[in-house]
Amino acid sequence: MEQRRFGNTGLTVSALGYGAGHIGRPEMTEQEAEQILHTVLDLGITLIDTARGYGLSEERIGRHLAHRRQEFVLSTKVGYSVEGYEDWTGPTITAGIDRALKTLHTDYLDIVHLHSCPLEVLQQGDVVEALVRAEEAGKIRVAAYSGENEALQYAIDSGAFGSLQFSVNICDQRVIDNGLKLAYEHELGVIAKRPLANAPWRFAERPVGEYAEEYWVRLQEMGLSPGELEWDEFALRFTAFLPGVSTCIVGTSRIENLKRNAEILKKGSLPSGVVREVREAFAAKDWEWVGQI
Ligand SMILES: NC(=O)c1ccc[n+]([C@@H]2O[C@H](COP(=O)([O-])OP(=O)(O)OC[C@H]3O[C@@H](n4cnc5c(N)ncnc54)[C@H](OP(=O)(O)O)[C@@H]3O)[C@@H](O)[C@H]2O)c1
């Protein structure tokens, strides 16, 4: 598995990361979650991304991987749902980090994001300050922001964050010439989320109400074809090799997809002509296709 520099943070991460949203679902058994988490590390994936809001995810990572903590970079997200604290205040950030340390059975967190907080919260300042204080105290290694569009731009301009997480994929490309380019220039770590665009090709009909719906609509309008390749390979190779992307976190509940994604990454970038076609197909239809949270 290719390992990459995570901006100028001093961390190194695998080109394929694991988005640990799926293992938070209660319908997945404890044994299945344990098996997926160990397979992640055994495949050489060294970045695991979770969040306070992903159900049982933090708890399960703590339970099953505490003894392998040195083998991976641990990323989580805070800002809300801490008992006794109001969402999106400085004390919630501090308490959220302390809570995550305990749940994840670790004495440091590598990357901690403000989880999609709106621009006004960033502008308020106290939330960002609390995150930076946790970094100075050594509880976290990198203060990070997860979000899109104007808020993402503000986060980059603030200079407060060492890394970013945002959506970037064949159906969500506006950020490529904006946030991603700036992140590259500022040497920030970049975690690309929704790298498969939520695999919208799986749905024959518009998946109303599903996470993939907006990307399904965009894909139809763009009229893209993966040519000789399977859709998953086409989409993942596009995202993973964009300049500035450090790692892309695919979410999956299936070991076979995890292994397949690791194999896909070995094939490297799509040919430059194909990348150009994908960029042009998006640009031709992009009236108001903003970044999806
Ligand atoms: N910061 C935020 O606000 C935020 C928001 C969204 C996501 N995220 C993070 O990003 C991660 C990834 O996002 P995501 O799961 O929404 O999007 P994604 O990676 O674009 O899509 C994942 C979906 O594709 C399927 N899949 C995985 N590998 C596949 C393959 N090779 N072929 C076909 N289908 C495949 C998975 O289902 P199966 O279980 O069937 O494999 C899953 O439903 C999350 O787990 C989370 O860590 C963060």
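This report describes the ligand and the two largest pockets of a predicted model.

## The ligand and its shell

The ligand occupies the largest pocket of the protein. Two elements each give two or more residues to the shell around the ligand: strand 10, which spans residues 247-251, and helix 10, which spans residues 255-265. Of the elements, strand 10 gives the most to this shell, with three residues.

In total, 29 residues surround the ligand. The closest are Ser-146, Thr-252, Ser-253, Arg-254 and Asn-257. When the residues of the shell are sorted by class, nine are nonpolar, 13 are polar and seven are charged.

## Contacts with the backbone

Oxygen atoms of the ligand make polar contacts with the protein backbone. At Leu-196, a polar backbone atom is 3.0 Å from an oxygen atom of the ligand. A polar backbone atom of Ala-197 is 3.4 Å from a ligand oxygen atom. At Gly-251, a backbone N or O atom lies 3.2 Å from an oxygen atom of the ligand.

How much of the accessible area of the ligand does the protein cover? On its own, the ligand has 900 Å² of accessible area, and the protein covers 91% of that area.

## The largest pocket

The largest pocket, where the ligand sits, holds about 1000 Å³ of space. Its lining consists of 36 residues, and those closest to the centre of the pocket are His-22, Asn-198, Tyr-211, Gly-251 and Thr-252. Gly-251 also has the backbone atom that lies 3.2 Å from a ligand oxygen atom, and Thr-252 is also among the closest residues to the ligand.

Strand 10 and helix 10 are the elements that give two or more residues to the lining of the largest pocket. Strand 10 gives the most, with three residues. By class, the lining of the largest pocket has 12 nonpolar, 15 polar and nine charged residues.

## The second largest pocket

What is the volume of the second largest pocket? The second largest pocket has a volume of about 230 Å³. Its lining is made up of 14 residues. Nearest the centre of this pocket lie Asn-149, Glu-150, Arg-174, Val-175 and Asn-178.

Which element supplies the largest share of the lining of the second largest pocket? Helix 6, formed by residues 149-158, does so with five residues. The lining of the second largest pocket divides into four nonpolar, six polar and four charged residues.

How values were computed: Residues are numbered from 1 along each chain as its sequence is written. This is a predicted model: local features need pLDDT of at least 70, side-chain atom pairs count only at pLDDT 80 or more; totals for chains, interfaces and linings use all residues. Side-chain values use heavy atoms; hydrogens and water are left out. A residue is near a molecule or strand if one of its heavy atoms lies within 4 Å of it. A polar contact is a pair of N or O atoms within 3.5 Å; within protein, one must be able to donate a hydrogen and the other to accept it, and residues adjacent in sequence count only if both atoms are side-chain atoms. Accessible areas come from the Shrake-Rupley method with a 1.4 Å probe; for residues, only the protein chains shown count as cover. On a 1 Å grid over the protein atoms alone, a cavity is a set of points where a 1.4 Å probe fits but cannot get out, and a pocket is an open set with protein on both sides within 12 Å along at least five of seven lines; lining residues have an atom within 4 Å of a point. A molecule sits in a cavity or pocket if more than half of its atoms lie within 2 Å of its grid points. Helices (H or I, at least four residues) and strands (E, at least two) are DSSP runs, numbered from the N terminus. Ala, Val, Leu, Ile, Met, Phe, Trp, Tyr, Cys and Pro count as nonpolar, Asp, Glu, Lys and Arg as charged, and the others, Gly among them, as polar. Grid points are joined across faces, edges and corners, and a volume is the space filled by probe spheres set on the points.
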